[in-house]
Amino acid sequence: MNKAENNGVWSGSWVAERLGVELVGDARLTGLLGLALRRNPKRAHLLVSNVLGKHVPQSPSVVYGHGLALGRRVRDLLGADESDRAVVLGYAETATGLGHAVADGLATAPYLHSTRRPVPGVDPAGGFEESHSHATSHLLLPEDAALLAGDGPLVLVDDEFSTGNTVLNTVRDLHARYPRGRYVVVALVDMRSAADAARLEDFARELGARVDLVAAASGTVRLPEGVLEQGRRLVAAHESGPAGPQAFDGPEDPHPAGGDASGRPRGHVARVDLHWPHGLPDGGRHGFTPRHRARLESALPAMAARLAEALPKGARRVHVLGCEELMYAPLRLARELEQITCTEVRYSTTTRSPVLAVDDPGYAIRSRLVFPAHDTPADGPGDRYAYNVAGAGFDAVVAVVDSAADTPHLHAPGGLLDRLAAHIPHVVLAVVPSYVPGPPRPAAPSGTGTTMLPEPLRGPAFSSYAPEEVGWLLQDLSDVTLEAPTEEREEAIQSGGAHYAESLPVEYQPSEQYQELFRTALEASASRLAHAVGVVTDTVVAERSPRPVLVSLARAGTPVGVLMRRWARHRHGLDLPHYAVSIVRGRGIDANALRWLAAHHDPADVVFVDGWTGKGAITRELADALAEFAAGDGTTGFDPEIAVLADPGSCVRTYGTREDFLIPSACLNSTVSGLISRTVLRTDLVGPHDFHGAKFYRELADADVSAAFLDAVCARFPEVADSVDAAVKELRAGDRTPTWEGWAAVERISEEYGIHDVNLIKPGVGETTRVLLRRVPWKILARAGAGADLDHVRLLAEQRGVPVEEVAGLPYTCVGLIHPRFTRGATGADGRAVNV
């Protein structure tokens, strides 16, 4: 409650008048701070922040905005390079949310906060004492101990600096374990005396490190002699006197079970399921990375919408109440709720800190709810407090707790929910899963150069394929919103503003007419597909390895890899390992996936699999990436030769056919590829030790034809066995040297049509289909006389208004041309030269 909310009265005037306490310094201090009396033998007064979101309900945008602003100031101070190497550490319990917001302001910094909650199985990476606090011991419990081990700046965030002792204790402990050259101390207010400030400077010199300070305001507190004893007497006098109408003290509820003192019925308590993203930490207790932040950002709109639906209709004032160290998640939910509704939203959290409540506009703590701890604290049972919530005129309160605090004590008579319901008509409980780190990863075998990576993802948890069919060396980004409209993506890609792998196209959902074309095409081509699968698989087994490890390039290669695995089992009784990895044009193959493969298999047995070749760009990309990996990582033995079902571009030696024919799996996206998206590589989501990402579209299960596609082809295996044997003998006896005639044809088309960018030319039936499904097509070139292989292409072109031009002597069945220099205002060109 600031001056505006207290009718112009400073919320520190009551204490100042009675104890003679003065705030001296920036003019902003009285707007940022009020005063109260604390039950603490070490300090009589309490500086109560109006913008922290702990004791005083405040607009979540104001609370979050102050933290972001401090973080941006730190980034300006450090510069981009040092900011990108920084780690942010916040203090429990009061500054856990503020530290998170500062890390958000830095944008690229991981975040950790200290905690007073020991977690079984997680060893402390440090600890320190907060001498003036009522609960002094802090633990540091990062999931990854390396979080604190870097040499970049450490940014320490607290709500206030009163003496600087806590910072000294922290730096002393951490510098002994993880020495570094620079620290930045951040707070909303710096209230140290000149002597305290000098002490920190002396300490930094002794340490040999630079210490900078960033604060929103600074000043000092002038305390008269005897203030501690005088404060104790003042607290005792008010606690022994009759409680004011808003000072709801004591573990027992002062109101009868049927309602409060005014006869108002007890509030209704309901629970809402937020659908919190699986595996997303609830805060920074064990570390919170930029990738976690991106996942939360994507999930917030839907979670806030669920909260809005749970609120009573007509609610004008809503309070979101966090729980002790759980400050950031409730703050972000409250801020999102504030943005999507017309409701006045306020935010604060419960606390361990005992403070006297006095119902006076000149006092910062107007009301107090007392309830027993409900999270099984390490220091045993005790009272907890919610300030300025009762009597504040809220129509509803949303209590946000983590699952560790969702205990019988929370729901019991006299517990937090019961105490809230005595004063507020509607109470909504939202429970965030309490994140507990898994067991630490063991060290990697010698030569792999990294810690052990996670095991591959498998169906049905990730993809609709059976678990034995394929292991995905990817991370699951299903909870992240990555899709963007096709035109928006095309403009960003061609302008250089984004890479195609940084977002996903909206998944194309085929019409019934198009689905019928897919079924017809599959029936017509199943035998030809089965024959090509048999030829490429038997060539691999004969020439590459008797027990190859199939590694398909996700996602187009994955159905082919599954079919090859099934052929090997059908024809040779082999149970071949099969994995899917990500390769991104211009950025190479997933190096962490290669490290995992090298740690579990002989690289010489690995055979990379793809669906088809177009102009051979991925073939070249793989060869370059493997050479770079061998030079940088020291791991050799991977063969860059790709095995493909169809090689119309004459780019590889290992193939099932060089005909450019319709492979029905190219007609669809995820619904024929195990419901998995194209792969994603974005620095805020994929760290240096992460696999590339992808999404599992569980919601498209009703349209999934992945199994039907595989089964239709496998059903033809027996009938093509003899022809496969003959074809493999003929193939191995002939000259299969790649001619790269497809690349030459693409270059000719680029010049002839005035495009001058081979990346915008997609040759072959499969690549042309992708252009029509995912990009902004300009026109389609079709070989004169091409038949049923192009029925689906003609239908898609008609639906999108794209001209199909027949061309004599085209080496491919068709070629898709992406609109050159696309902007969303472009309407296309009608000549051979592009004029936009």
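1. Val609 sits in the pairing of strands β25 and β26, and its bridge partner in β26 is Ala643. This is a predicted model. Strand β25 covers residues 606-612 and strand β26 covers residues 643-646. The two pair in the parallel sense, over three bridges.

2. The connection between these strands has a defined hand. β25, helix α16 and β26 make a β-α-β unit, and that unit is right-handed. Helix α16 takes in residues 617-633.

3. β26 also pairs with strand β27, residues 654-657. Three bridges join them, and the strands run parallel. Ala646 has Thr657 of β27 as its bridge partner.

4. Next, a five-stranded sheet. This sheet is open, and its strand order is β11-β17-β16-β12-β13. The pairing is parallel. At the edges are β11 (268-272) and β13 (344-349), each of which pairs on one side only. From one strand to the next, the twist averages 20°.

5. Inside that order, look at β12 and β16. β12 spans residues 317-322, and β16 spans residues 396-402. They run parallel and are joined by four bridges. Val320 stands opposite Val398 in β16. Helix α8 (residues 290-310) packs on the sheet. α8 touches β11, β16 and β17 (426-432). The direction of α8 makes about 155° with that of β11.

6. α8 has a helical neighbour too. Helix α9 holds residues 328-340, and the axes of α8 and α9 come within 9 Å. They cross at roughly 60°. The class for angles of 65 to 115 degrees is roughly perpendicular, and the class under 35 is roughly parallel. α8 and α9 are therefore oblique to each other. The crossing in which α8 passes α9 is right-handed.

7. Which residues make the contact of α8 with α9? On the α8 side they are Arg293, Leu296, Glu297, Leu300, Pro301, Met303, Ala304, Ala305, Leu307 and Ala308. On the α9 side they are Tyr328, Arg332, Leu333, Glu336, Leu337 and Ile340. By class, the contact has 12 nonpolar residues, four charged and no polar ones.

8. α9 also meets helix α3, residues 60-83. The axes of α3 and α9 come within 8 Å and cross at roughly 125°. That angle makes α3 oblique to α9. The α3 and α9 crossing is left-handed, whereas α8 passes α9 in a right-handed one.

9. The contact of α3 with α9 draws on Pro60, Ser61, Val63 and Tyr64 in α3. These meet Tyr328, Leu331, Arg332, Ala334, Arg335 and Glu338 in α9. Six of the residues are nonpolar, one is polar and three are charged. Tyr328 and Arg332 appear here and in the contact of α9 with α8.

10. A four-stranded sheet comes last. The order is β29-β32-β30-β31; this sheet is open, and its pairing is mixed. β29 (761-763) and β31 (804-807) each have a single partner strand, so one side of each is left without a neighbour in the sheet. The twist averages 20° from one strand to the next.

11. In that sheet, β30 (residues 777-783) and β32 (residues 814-818) pair in the antiparallel sense. Five bridges link them. Ile780 stands opposite Gly816 in β32. Helix α19, residues 741-752, packs on the sheet and touches β29, β30 and β32. The direction of α19 makes about 140° with that of β29.

Note on methods: Residues numbered from 1 in each chain as written. Predicted model: local features only at pLDDT ≥ 70, side-chain atom pairs only at ≥ 80, totals over all residues. Heavy atoms only, no water. Pairing = 2+ DSSP bridges. Axes fitted to C-alpha atoms, helices over the stretch in contact; angles between N-to-C directions. Contact = heavy atoms within 4.5 Å. Parallel < 35°, antiparallel > 145°, perpendicular 65-115°, else oblique. Left-handed = near helix turned anticlockwise from the far one by under 90°. Nonpolar A, V, L, I, M, F, W, Y, C, P; charged D, E, K, R; others polar. Right-handed = clockwise from strand over helix to strand, strands pointing away.
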